[in-house]
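The following exercises concern one protein model with a ligand. Please examine the sequence and the structure before reading each worked solution.

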Amino acid sequence: MQTADHWESVYQNKSFDSVSWYAPHLDESLRLIEQLSQNKTAAIVDIGGGESTLVDDLLDRDYKDVSVLDISETAIEFTKQRLGSRSRDVSWHVGDITQYDFGDKKFDLWHDRAVFHFLTEPAARQAYVDLVRRSVKSGGYVLMATFGPNGPLKCSGLDVVRYDDQSLHKEFGKGFHLMGSELNNHDTPMGTNQQFLYCWCKT
Ligand SMILES: C[S@@+](CC[C@H](N)C(=O)[O-])C[C@H]1O[C@@H](n2cnc3c(N)ncnc32)[C@H](O)[C@@H]1O
């Protein structure tokens, strides 16, 4: 099945709070975003935002320039509906991150929770990193959350790549300066536990 079809099918058939990556709030991400971007006019993009409430929480914290991209139109529409009129304050993008281009838009902070680890092909990871290079301002931040070294081998029925801070940083290469990393345990709605790596760098 094509990537887009897979994710459309997930979001058409499962409720927002029954997927393994569900959390009422992405607390780790929020804490780190607030730490890295104290300026509320910072341009922030959430890659593969899905139906998560990160965008709601960023608007609640008065961030003025928030963008969300996802490959699933269904997920984006669900999130827009939840936000109601506030959805007009967000820039929405539907597309595959490995084939996307944000045009002239440049971000101060790039956030990705649980998308990059699905890129099992080196060419897809290279396309992703090339887009980060084109889209993040010099001096901006890249905040990534992937499965950690002891995380699951699959998610949503798809193979994933697990990372520690060094192996993730190596994917990004020259020009990215590793600033910090943390391991975190995510409690899934199924009662299981998944190890995540949060890793952030400066461009
Ligand atoms: C595991 S979910 C994580 C959702 C959200 N970031 C969160 O933490 O709740 C992965 C998300 O990435 C999206 N996605 C997967 N592959 C993608 C791709 N190649 N381009 C853009 N989005 C993608 C999926 O539609 C899904 O919403």
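**Exercise 1. Determine whether Gln195 is buried or exposed, and find its surroundings.**

Solution. Gln195 has a relative accessibility of 13% and therefore counts as buried; buried means under 20% relative accessible area, exposed over 50%, and partly exposed in between, with a 1.4 Å probe and protein chains only. The model is predicted: local features need pLDDT of at least 70, side-chain atom pairs count only at pLDDT 80 or more, and totals for chains, interfaces and linings use all residues. Residues are numbered from 1 along each chain as its sequence is written, and side-chain values use heavy atoms, with hydrogens and water left out.

Next, locate the residue: Gln195 belongs to strand 9 (helices, H or I, of at least four residues and strands, E, of at least two are DSSP runs numbered from the N terminus). Then list its contacts (heavy atoms within 4.5 Å). Leaving out residues up to four places away in sequence, Gln195 touches Thr146, Phe147, Gly148, Pro149, Asn150, Gly151, Leu183, Asn184 and Asn185. Finally, a polar atom of the Gln195 side chain lies 2.6 Å from the backbone nitrogen of Asn150.

**Exercise 2. Identify the residues with the most contacts inside the largest nonpolar core, and the elements that supply this core.**

Solution. A nonpolar core is a set of buried Ala, Val, Leu, Ile, Met, Phe, Trp, Tyr and Cys residues joined through side-chain atoms within 4.5 Å. The largest has 38 residues, and Ile33 and Leu58 have the most contacts inside it. At least two residues of this core come from each of helix 1 (3-13), helix 2 (27-36), helix 3 (54-60), strand 2 (65-70), helix 4 (73-83), strand 3 (90-94), strand 5 (136-147) and strand 9 (193-202). Another core, of 26 residues, lies apart from it and includes Ile47, Phe107, Tyr128 and Leu131.

Beyond its neighbours within four places in sequence, Leu58 is in contact with Leu30, Ile33, Ile44, Tyr63 and Val66. In helix 1, the buried residues include His6, Trp7 and Tyr11, and the buried residues of this helix pack against helix 4 and strand 7 (158-159).

**Exercise 3. State which residues are closest to the ligand, and how much of its area the protein buries.**

Solution. Begin with the surroundings: 18 residues surround the ligand, the closest being Tyr11, Gly48, Asp70, Ile97 and Arg113 (a residue is near when one of its heavy atoms lies within 4 Å). Now inspect distances to ligand nitrogen atoms. A backbone N or O atom of Gly48 lies 2.7 Å from one, a polar side-chain atom of Asp96 lies 2.9 Å from one, and a backbone N or O atom of Ile97 lies 2.9 Å from one. Taken alone, the ligand exposes 590 Å², of which the protein buries 98%; accessible areas come from the Shrake-Rupley method with a 1.4 Å probe.

**Exercise 4. Count the disulfides, and find the nearest cysteine sulfur to that of Cys155.**

Solution. A disulfide is a pair of cysteine sulfur atoms within 2.5 Å. The count is zero. For Cys155, the nearest cysteine sulfur is that of Cys199, 19 Å away. For Cys199, the nearest is that of Cys201, 6.8 Å away.

**Exercise 5. Describe the phi values and the locations of Asp62 and Ala114.**

Solution. Most residues other than glycine have a negative phi. Asp62, however, has a positive phi near 75°; it lies in the loop between helix 3 and strand 2 and is partly exposed at 42% relative accessibility. Ala114 has a positive phi near 70°; it lies in the loop between strand 4 (107-113) and helix 5 (122-135) and is buried at 14%.

Conventions:
A polar contact is a pair of N or O atoms within 3.5 Å; within protein, one must be able to donate a hydrogen and the other to accept it, and residues adjacent in sequence count only if both atoms are side-chain atoms.
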